[in-house]
Amino acid sequence: YFTVSPLGIVSGSNYLYLDAKPVDPRKEPEQAVTTSGATLTIDYALGSRVALTLSHNITSVVVNNWPAAPLPGHLILNIVSTGAYSITGYPANSFAQGGVEPTIGSGAGKKSTVILRTNDPASIIYVDSVGDDYTAI
């Protein structure tokens, strides 16, 4: 027997198939987020591409509406700094290379990219620095 859910999950007696259609990232809107005090709150339901103008230090990052496990989720944070600011306090269960939070380019106009990815946000979220301190060449 097989059942199909509204999410495109097809299940049979001993198997589970995810019938996910790929999303063309060129068509996904980039959500512009603003900060409230030292907290950055991102709603995954609004898209996985995030534009952030960093105008003060962030000490808490909150992501709402991650996909439910085992579906993968990823956020691409495109950051433009307006000064010598940092982002710390990534979500609970976050892991980064060497246990060090990504460095954000310091100085006006400096650009950085950070990716948060997970298959189960309740268990583990990987935080990767794709690049920091991008400047014009």
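How many residues stand between β10 and β11 in their hairpin? Work through the exercises below to find out. The model is predicted.

**Exercise 1. The hairpin**

Describe how β10 and β11 are joined, and name one pair of opposite residues.

*Solution.*
- Step 1. Find the turn. β10 and β11 form a hairpin, with 3 residues between them.
- Step 2. Find the direction. The two strands run antiparallel.
- Step 3. Find the links. 7 bridges join β10 to β11, which covers residues 124–134.
- Step 4. Pick a pair. T113 stands opposite G131 in β11.

**Exercise 2. The open sheet**

State the strand order of the open sheet of 6 strands, then say which strands stand at its edges.

*Solution.*
- Step 1. Start with the chain as a whole. It has 0 helices and 11 strands.
- Step 2. Read the sheet across. The order is β4-β6-β8-β10-β11-β9, and the pairing is mixed.
- Step 3. Look at the ends. β4 (30–33) and β9 (94–96) are the edge strands. Each has a single partner strand, so one side of each lacks a neighbour in the sheet.
- Step 4. Add the twist. From one strand to the next it averages 25°.

**Exercise 3. Two partners of β8**

Which strands do the bridges join to β8, and do they run parallel or antiparallel to it?

*Solution.*
- Step 1. Recall the general rule. Strands of a sheet pair through backbone hydrogen bonds, either parallel or antiparallel.
- Step 2. Take β6. 6 bridges join β6 to β8, and these strands run parallel. Here T53 stands opposite V80 in β8.
- Step 3. Take β10. 8 bridges join β8 (residues 73–81) to β10 (residues 111–120), and these strands run antiparallel. Here H74 stands opposite R117 in β10.

**Exercise 4. Two polar residues**

Decide whether S81 and T113 are buried or exposed, then list their contacts.

*Solution.*
- Step 1. Place the residues. S81 is found in β8. T113 is found in β10.
- Step 2. Use the cut-off. Buried means under 20% relative accessible area.
- Step 3. Apply the cut-off to S81. Its relative accessible area is 1%, so S81 is buried.
- Step 4. Apply the cut-off to T113. Its relative accessibility is 14%, so T113 counts as buried.
- Step 5. Look for polar partners. The S81 side chain reaches the backbone oxygen of G83 at 2.6 Å. The side chains of T113 and N78 are joined by a polar contact of 3.4 Å.
- Step 6. List the contacts, leaving aside neighbours within four places in sequence. For S81 they are L54, G105, G107, A108, G109 and K110. For T113 they include I76, L77, D128 and Y134.

**Exercise 5. The nonpolar core**

Which residues touch the most other members of the largest nonpolar core, and which elements supply it?

*Solution.*
- Step 1. Recall a general trend. In soluble globular proteins, nonpolar side chains tend to be buried together.
- Step 2. Name the hubs. The largest core has 21 residues. L40, L75, L77, I79, I87, V114 and L116 touch the most other members.
- Step 3. Name the sources. Two or more residues each come from β5 (39–43), β6 (49–54), β7 (60–64), β8, β10 and β11.
- Step 4. Zoom in on L77. Beyond four places in sequence, L77 is in contact with L40, I42, V50, S112, T113, V114 and L116.
- Step 5. Step back to the chain. Of its 137 residues, 30% count as buried. It exposes about 8400 Å², and carbon and sulfur atoms supply 57% of that.

**Exercise 6. Backbone exceptions**

Where do N65, P70 and D133 lie, and what marks their backbone?

*Solution.*
- Step 1. Recall the general case. Most residues other than glycine have a negative phi, and most peptide bonds are trans.
- Step 2. Take P70. It lies in the loop between β7 and β8. The peptide bond from A69 to P70 is cis, with omega near 10°.
- Step 3. Take N65. It is in the loop between β7 and β8. Its phi is positive, near 65°.
- Step 4. Take D133. This residue lies in strand β11. Phi of D133 is near 65°, a positive value. At 36% relative accessibility, D133 counts as partly exposed.

How values were computed
Residues are numbered from 1 along each chain as its sequence is written. This is a predicted model: local features need pLDDT of at least 70, side-chain atom pairs count only at pLDDT 80 or more; totals for chains, interfaces and linings use all residues. Side-chain values use heavy atoms; hydrogens and water are left out. Two strands pair if DSSP finds at least two bridges between them. Helices (H or I, at least four residues) and strands (E, at least two) are DSSP runs, numbered from the N terminus. Buried means under 20% relative accessible area, exposed over 50%, partly exposed in between (1.4 Å probe, protein chains only). A polar contact is a pair of N or O atoms within 3.5 Å; within protein, one must be able to donate a hydrogen and the other to accept it, and residues adjacent in sequence count only if both atoms are side-chain atoms. Contact means heavy atoms within 4.5 Å. Accessible areas come from the Shrake-Rupley method with a 1.4 Å probe; for residues, only the protein chains shown count as cover. A nonpolar core is a set of buried Ala, Val, Leu, Ile, Met, Phe, Trp, Tyr and Cys residues joined through side-chain atoms within 4.5 Å. Axes are lines fitted to C-alpha atoms, for helices over the stretch in contact, and angles run from 0 to 180 degrees between N-to-C directions.
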